[in-house]
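Reader: Let us go through this model briskly. I will ask, and you reason from the coordinates.

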Amino acid sequence: WRLSVKVGDLVKFSGGPVFTAAESGYAATGVIIEVGNSEFRDPHKRSYKVLWADGKETKEWFSYLEVLSESR
């Protein structure tokens, strides 16, 4: 796991055992399009807007995202 997520990173939703059922409602992958809560240095306190492969946009917390590929 990386310590941060940035715009352009390819991610997947990874909610762990608590959100196993919710994972089926997400597209397989998404791209970070916005980093919120920029006043916080700690990435765990930031939200991230994700554009999912199915066209939906959601805001997610760092702990529910797994980076698959970093943007350059």
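Reader: How much of the protein counts as buried?

Author: This is a predicted model. The protein has 72 residues. Buried here means under 20% relative accessible area. The buried share is 28%.

Reader: In what order do the elements run from the N terminus?

Author: The protein has 1 helix and 5 strands. A strand opens the chain of elements, and the helix follows it. Read from the N terminus, the order is β-α-β-β-β-β.

Reader: What share of the contacts with a separation of 6 or more comes from residues 24 or more positions apart?

Author: A contact needs heavy atoms within 4.5 Å. Among contacts with a separation of 6 or more, those from residues 24 or more positions apart make up 46%.

Reader: Now to one residue. Which side chain of opposite charge is nearest to Glu-60?

Author: Glu-60 sits in strand S4, residues 57-61. Glu-60 is buried and has no salt bridge. A salt bridge would need a nitrogen to carboxyl oxygen distance within 4 Å. The nearest side chain of opposite charge is 11 Å away, and it belongs to Lys-56.

Reader: Which side chains make polar contacts with the side chain of Glu-60?

Author: The cut-off for such a pair is 3.5 Å. One contact, at 2.7 Å, goes to the side chain of Thr-58. Another, at 2.9 Å, goes to the side chain of Tyr-26. The partners are thus Thr-58 and Tyr-26.

Reader: Which residues does Glu-60 contact, leaving aside neighbours within four places in sequence?

Author: Tyr-26, the polar partner at 2.9 Å, is on the list. The full set is Phe-13, Tyr-26, Arg-46, Ser-47, Tyr-48, Val-50, Trp-52 and Leu-65.

Definitions and conventions
Residues numbered from 1 in each chain as written. Predicted model: local features only at pLDDT ≥ 70, side-chain atom pairs only at ≥ 80, totals over all residues. Heavy atoms only, no water. Helix = DSSP H or I, 4+ residues; strand = E, 2+ residues; numbered from the N terminus. Buried < 20%, exposed > 50% of the residue type's maximum accessible area, 1.4 Å probe, protein only. Lys, Arg positive; Asp, Glu negative; His and termini not counted. Polar contact = N/O pair within 3.5 Å; in protein donor to acceptor, adjacent residues only side chain to side chain.
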